[in-house]
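Have a look at the chain below and turn it around slowly. We will visit its pockets, then step back to the whole chain, and end at a single residue.

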Amino acid sequence: SECRVLITFVHMKSSASKVYLIPSFLHETATETIPAYVLQAVKQCQVFFVENERTARRYLKLLWREMVIDSYQWVNMKDVTPEVAGSFKKALKEGKTIGIISEAGCPGVADPGQQLVAMAQQQQALVKPLVGPNSILLALMGSGMNGQCFQFVGYLPIDIAQRAKTIKTLESESRQKNCTQIFIETPYRNNQLLETLVKTCLPQTSICVAVDLTAPTESIQTKTAQQWKTAMPSLHKRPAIFLLYAGV
């Protein structure tokens, strides 16, 4: 009976599914930001759940030129429909090694992937997050703002009045909690967001603009709202992340 138990245990371990959270670059020329061990994980995968299949295929080809793309199963996870969820659960049940890739940065962090990871956790699959570039952390690191207490709030409201109200609330929370506020905008509205920040925030409030992270044109600048008024950069259609700090 002891042998029978041992054999069963080995079989269970060997069929357990593994889910790799595969980081992708923030800028397509910055392949050096992807650690070498990511490729080793990619080579173990049998099925990929991706935000954009075309760019994910191109990305993996850059990492592994000899990769036979069509030998793998590809599922678009931008919208986790019942069909996508079913495909993921089926792959887990079959003990497959799964790779999750979002469009830029790290899956599940301000990017698709979280719902699939939650399913993997519920099924007690082995989840392996891999190190790679993340715009939120890179911007925070380079801002000089409080890295002990911070929050990422995603996109701010589009409506101008509501946006200004939200900024005032974030500024007040930052001051009260000594907290860094981090947010993003659709690239073609970046200039308008910075203008609203400068007009809405108190003159001494610090604002960081981190743009084109990891690209040759990367810029991370922290200035007060008053200082930004004298030198407003052009951020139109450039990937950017904004940080606000009104703490003591």
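The second largest pocket has a volume of about 210 Å³. This is a predicted model, so keep in mind that every value here is computed from predicted atoms. Ten is the number of residues that line this pocket, and S17, L92, K93, Q123 and A125 are the ones nearest its centre. Which helix gives the most to the lining of the second largest pocket? Helix α4, which covers residues 82–93, does so with 3 residues. By type, the lining divides into 3 nonpolar, 5 polar and 2 charged residues.

Now turn to the largest pocket, which holds about 850 Å³ of space. Its lining has 34 residues, and L26, E103, A104, G105 and P239 lie nearest the centre. Four elements each give two or more residues to this lining: α3 (53–63), α6 (135–143), β6 (150–155) and β10 (240–245). The largest share comes from α3, with 5 residues. Here the lining is made up of 20 nonpolar, 8 polar and 6 charged residues.

The table puts the two pockets side by side.

| Pocket | Volume | Lining residues | Nonpolar / polar / charged |
|---|---|---|---|
| Largest | about 850 Å³ | 34 residues | 20 / 8 / 6 residues |
| Second largest | about 210 Å³ | 10 residues | 3 / 5 / 2 residues |

Next, step back to the whole chain. How many helices and strands does the protein chain have? Its secondary structure comes to 9 helices and 10 strands. Along the principal axes, the C-alpha atoms fill a box of roughly 75 × 40 × 30 Å. Of the 248 residues, 44% are buried. The accessible surface is about 13,500 Å², and carbon and sulfur atoms account for 54% of that area. If you count contacts with a separation of 6 or more, 75% of them join residues 24 or more positions apart.

Finally, zoom in on S102. This residue sits in the loop between β4 (97–101) and α5 (114–122). Is S102 buried or exposed? S102 counts as buried because its relative accessible area is 4%, and the cut-off for buried is under 20%. Leaving aside residues up to four places away in sequence, S102 touches S24, E51, M77, P107, D111 and P112. Another residue to find is A56: A56 and S102 are 46 residues apart along the chain, while their C-alpha atoms are separated by 7.9 Å.

Terms used
Residues numbered from 1 in each chain as written. Predicted model: local features only at pLDDT ≥ 70, side-chain atom pairs only at ≥ 80, totals over all residues. Heavy atoms only, no water. 1 Å grid on protein atoms, 1.4 Å probe; cavity = no way out; pocket = protein on both sides within 12 Å on 5 of 7 lines; lining within 4 Å. Points joined across faces, edges and corners; volume = space filled by probe spheres on them. Nonpolar A, V, L, I, M, F, W, Y, C, P; charged D, E, K, R; others polar. Buried < 20%, exposed > 50% of the residue type's maximum accessible area, 1.4 Å probe, protein only. Contact = heavy atoms within 4.5 Å. Areas by Shrake-Rupley, 256 points an atom, 1.4 Å probe, with all protein chains shown as cover.
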